[in-house]
Structures are given as structure tokens and as C-alpha cells.
Amino acid sequence: MTGKGRPAKKYSQAGRVHDVIRLIEARHGISISELAEETGVNKRTIHRDLAAIQEAGYPLISDWQDGEKVYRFLTRFKDVPPISFTLQELMTLSLLRSQLDLLKGTPFLEDMQSVFRKVNSVLPPRLAAHMERIAEVSLPLLQGKRDYSRCAESLQLIRHALLYQQSIVITYHPPNRPEPVEYLVDPYTLLFQKGGIYLLGYAQQRQALRTFAVERIVKVEPRQERFEIPEGFRPGEALGGAFGIVAEPPMDVVIRFSAGIAHAIKDRIWHASQQVKEERDGSLSLTFHAGGKMEILSWLLSYGAHAELISPPDLREELTRMVQDTSRLYQAG
């Protein structure tokens with residue numbers, strides 16, 4: 001006899017787990033005691049079943065209601081209908097697959113490879129082989145990409161925290177400090193920028209959004225507390241004033257590009273606020289309102305003498321010093 005005197009049901013663990021999943025799906029929250037009563041087994045068995053359900057990838061979370069711990073699924077994931085793809089969409093997926101070099105060494109690459117294995121498993125063999133060839137002949141061009149293999153464990157914990165909206169404590173080693181610093185962070189999303197992966201989250205001690213380079217995260221400790229992303233939050237809007245991913249006070253920037261490089265500037269979007277003016281001599285003026293001083297300066301330096309920073313004056317002075325230091329380095333050589 002188990003539960004409240006109810007005889008144990010005669011079925012396999014798989015059948016019981018299926019019943020537990022059905023009961024959790026049917027209610028907004030259900031306790032261990034209720035699950036034991038409904039299935040006719042003891043609480044210890046239910047604990048094992050819940051662990052098996054979570055290990056199988058089900059988004060199981062727990063909350064407290066009226067002083068009792070209850071379990072539910074994060075989303076109604078079984079309501080997702082089957083998805084079909086056109087031949088053109090499959091080709092696009094195969095092209096994107098070839099560009100996943102950035103994710104090498106991370107759990108996200110393993111997830112994406114699993115997705116493509118599932119897609120290929122339902123394709124006719126000849127079509128699956130054709131899509132593999134498309135992926136193999138595409139060339140990823142990622143200069144200066146980072147090796148994230150040593151960050152795999154941290155990324156797994158961050159992925160879990162993003163999925164279940166749980167706060168984390170990260171031990172972070174900023175480039176300008178000798179010792180790591182701890183941050184209590186509500187992780188909002190991951191950003192991909194110039195071959196790097198960054199965590200964007202709300203740093204509770206700072207009461208502000210912060211961007212963390214994943215390779216500088218020394219340790220991740222999950223917390224039980226859950227958080228809610230603010231209503232209407234959009235990363236693009238939060239970083240709209242940044243030239244890249246560094247949220248600093250925006251400034252009015254004016255740059256003159258020579259005629260020899262103007263063609264490579266005018267047809268691209270460098271910032272949402274940009275304005276482009278073509279001059280009679282073939283040169284080009286680019287104006288935008290954004291922050292991120294070092295990102296702007298490093299970008300300008302990549303164009304050498306083809307880019308002249310007109311304003312703001314203090315940024316022009318800093319760029320002048322950087323160019324002079326570089327010139328002295330080569331003169332000494």
C-alpha cells in the first residue's frame with residue numbers, strides 16, 4: 001500500500017513516468033504528495049521519476065505555493081506542431097551549419113549538430129547526402145575566433161540558467177584587474193560579436209545591465225532564485241546607443257573616409273543612427289550617435305590613413321596619441 005492507502009499500480013517505470021508527465025502538464029503546479037497519491041507510489045519513487053524527467057530534457061521547474069513545493073513545466077512544449085521545410089529552406093540550414101565554427105567547444109554546437117542529425121534522419125538518403133555536401137563546401141571565415149572548449153562547463157550552466165530564468169553568481173576576471181570579481185547576475189541572453197560570445201545580464205550589485213566576455217568567466221554558480229526579464233526588453237534596444245556591445249554614453253561621431261575606401265563604407269550599416277554624405281572629390285562623411293570609445297577607435301585604426309576622425313575633439317586627441325605611439329614604435333624599429 002502507498003500514498004493514502006491506495007494500492008500501487010501495476011505498470012513499468014516508463015509507464016509511470018509517462019503518467020507523471022501527463023499530471024504535470026495537466027496542472028499549473030503539482031506537489032510530490034499529490035503525484036504519489038495519483039500514481040500510487042511513495043515519494044522517494046516520485047523523486048527518482050522527476051530526476052529522470054529532467055535528465056530527459058523536459059523543462060521541469062519548481063515553485064513554492066502555500067508553503068509546499070510544486071512542480072510544473074516551464075512551457076507547454078508538447079503543443080509545438082510538426083515543422084516541415086522546403087528544399088530551399090533545407091539548403092539555407094545547411095549553409096548556416098557551415099558557419100558554426102564560432103560555437104566549437106561549446107554545448108551549443110552539440111545541440112545544433114543534434115538538430116541537423118534529426119533533420120537528416122527523415123530525409124531521403126540522396127537528399128541528406130546532398131545537404132551534407134553543401135555544408136562541407138561552404139567556408140567559415142572567422143579571423144581571431146576564440147577557443148571556448150575550456151568554457152564548456154560554464155556555458156552549460158549559463159544555458160540552463162537562460163532556459164529556466166535562474167540567477168547565477170559568476171566569478172569574472174576583467175582585463176584591467178589583477179583579481180577576479182564576483183557578480184550576482186540575472187542572465188538575459190547571449191551575444192555573438194566578431195568571433196566572440198558575450199553574456200548580457202542584469203548585475204544586481206550594480207543595478208544595471210552588464211556585458212561579460214564568456215572567456216573571462218572563471219566560474220558559474222547557479223542560484224535557486226528565479227527572475228523575470230522586464231516586459232518589452234529587447235537587446236537591440238538596450239544596446240542601441242552602443243557602436244558594438246559596450247554600453248557607454250553615446251556621442252556624436254563624424255568620420256571622413258578617403259575616396260579610395262568610400263565604396264567599402266557607403267553600402268554598409270555601421271550603426272542605426274548613421275548618416276552618409278558623399279563629397280564631390282569622391283570622399284565620404286559618416287556621422288552617427290553611439291558610445292563604446294575603444295570599439296570605435298579600434299575600428300578606425302583598421303582603415304589607417306583612409307579614415308580621419310573629425311569629432312568629437314577629445315576622441316580625436318586620443319586617436320592622435322595612439323597613432324603617434326604606433327609611429328614611434330615603428331621608427332624605433
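Which residue in β12 is the bridge partner of Ile255? The partner is Leu309. The pair belongs to a predicted model, and the strand around Ile255 is a good place to start reading that model.

**Strand β9 and its neighbours**

Strand β9 covers residues 251-257. Its side chains alternate between two faces. Met251, Val253, Ile255 and Phe257 point to one face, and these four are buried. Asp252, Val254 and Arg256 point to the other face and are not buried.

β9 pairs with strand β11, residues 284-290. The two run antiparallel and are joined by 7 bridges. Within this pairing, Val253 has Phe288 of β11 as its bridge partner. Val253 is also one of the buried residues of β9.

β9 also pairs with strand β12, residues 307-311. Here the sense is again antiparallel, and the pairing extends over 4 bridges. The Ile255 and Leu309 bridge from the opening belongs here.

**An open sheet of 5 strands**

Another group of strands forms an open sheet. The order is β7-β6-β5-β4-β8, and the pairing is antiparallel. Which strands stand at the edges? They are β7 (208-213) and β8 (217-226). Each has a single partner strand, so one side of each is left without a neighbour in the sheet. From one strand to the next, the twist averages 45 degrees.

Strand β4, residues 166-172, runs antiparallel to β8, with 6 bridges joining the two. In this pairing, Ile168 of β4 stands opposite Pro222 in β8.

**Backbone exceptions in the loops**

Most residues other than glycine have a negative phi, and most peptide bonds are trans. Some loop residues here depart from that pattern. Two have a positive phi:

| Residue | Phi | Loop |
|---|---|---|
| Gln165 | about 50 degrees | between α7 (152-164) and β4 |
| Gln207 | about 55 degrees | between β6 (196-203) and β7 |

Neither Gln165 nor Gln207 is a glycine. The loop of Gln165 leads to β4, the strand that 6 bridges join to β8. The loop of Gln207 leads to β7, an edge strand of the open sheet.

Is Gln207 buried or exposed? Gln207 has a relative accessible area of 56%. Exposed means over 50%, so Gln207 counts as exposed.

Which residues does a cis peptide bond join? They are Ser311 and Pro312, with omega about 10 degrees. Pro312 is found in the loop between β12 and α11 (313-332). That brings the account back to β12, the strand that pairs with β9 over 4 bridges.

Notes
Residues are numbered from 1 along each chain as its sequence is written. This is a predicted model: local features need pLDDT of at least 70, side-chain atom pairs count only at pLDDT 80 or more; totals for chains, interfaces and linings use all residues. Side-chain values use heavy atoms; hydrogens and water are left out. Buried means under 20% relative accessible area, exposed over 50%, partly exposed in between (1.4 Å probe, protein chains only). Two strands pair if DSSP finds at least two bridges between them. Axes are lines fitted to C-alpha atoms, for helices over the stretch in contact, and angles run from 0 to 180 degrees between N-to-C directions.
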